[in-house]
Amino acid sequence: MGYHAVNEGSIMNVYWMSSCEEGSEIGKLYNGEVFTCLGITTGYQNVNEIRFRNSEGKYVQGFIDRRTSIGPLHLYGKKVTDPTLGTCYRFKTRSALTVLDNNGTIKTVLAVGDYVYSKDSTCGATNRRNFKIVGYKQAGFNVSKQDGFVTLNYEANGSMIKSNFCLYGA
């Protein structure tokens, strides 16, 4: 299973071929840009398969050199200890996001300014946009425990730089 990540290093070239050969470049990941890392691809050493927002605004497959500096998204949340959830990372929403249980059933839709809580950066196995959560909080309500996912909006806000992303640590 993969995870949602942040480029913590310099600009990375993204390739459409897992060999990462020159001439197969399809985009770039900039410092602070959020993407989904699916792990080492088969057939080539030091190559990670990813999903990222390309220059046309689409969430697409690509490959990057594995020897780059990437960090898990959850570490960009605010570390909190909640009486219901324990120690986890809290994010505030910048756009409406859908909460799903582990079977993919919609539980609720979060509004701008609501919160999600996560312990790691795991992405969904079938929908890579899904971000594993342990709970959420809607305005006017207490924290709700939820073992499931929130579907991230990789197409929102015109940029995937973490300062514009659909979630931010708060």
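**Notes on strand β5 and the two cores**

1. Start with β5 (residues 47-53): seven of its seven residues are buried, so the strand is largely enclosed by the rest of the structure. Keep in mind that this is a predicted model.

2. Look at how the side chains of β5 split up. V47, E49, R51 and R53 point one way, while N48, I50 and F52 point the other way. Both sets are buried, and yes, that includes E49, R51 and R53.

3. What does β5 pair with? One partner is β4 (residues 34-40), which runs antiparallel to β5 and is joined to it by four bridges. Across that pairing, I40 sits opposite N48.

4. Strand β6 (residues 59-65) also pairs with β5, again antiparallel, through seven bridges. Here V47 has D65 as its bridge partner. The β5-β6 hairpin has five residues between its strands, and G57 adopts a positive phi near 85° there.

5. Two residues of β5 turn up in a nonpolar core: I50 and F52 belong to a separate, second core of 10 residues, which also includes M12 and C37.

6. Now for the largest nonpolar core, which has 20 residues. The members touching the most others are L73, V116, F131, V150, L152, F165 and L167. Strands β9 (86-93), β10 (97-101) and β13 (130-137) each give two or more residues to this core, with β13 giving the most, at three.

7. F131 is worth clicking on. Leaving aside residues up to four places away in sequence, its contacts include L73, F91, V150, L152 and L167. Also among them are H4, S118, D120, S121 and T122.

Conventions
Residues numbered from 1 in each chain as written. Predicted model: local features only at pLDDT ≥ 70, side-chain atom pairs only at ≥ 80, totals over all residues. Heavy atoms only, no water. Buried < 20%, exposed > 50% of the residue type's maximum accessible area, 1.4 Å probe, protein only. Pairing = 2+ DSSP bridges. Core = buried A, V, L, I, M, F, W, Y, C linked by side-chain atoms within 4.5 Å. Contact = heavy atoms within 4.5 Å.
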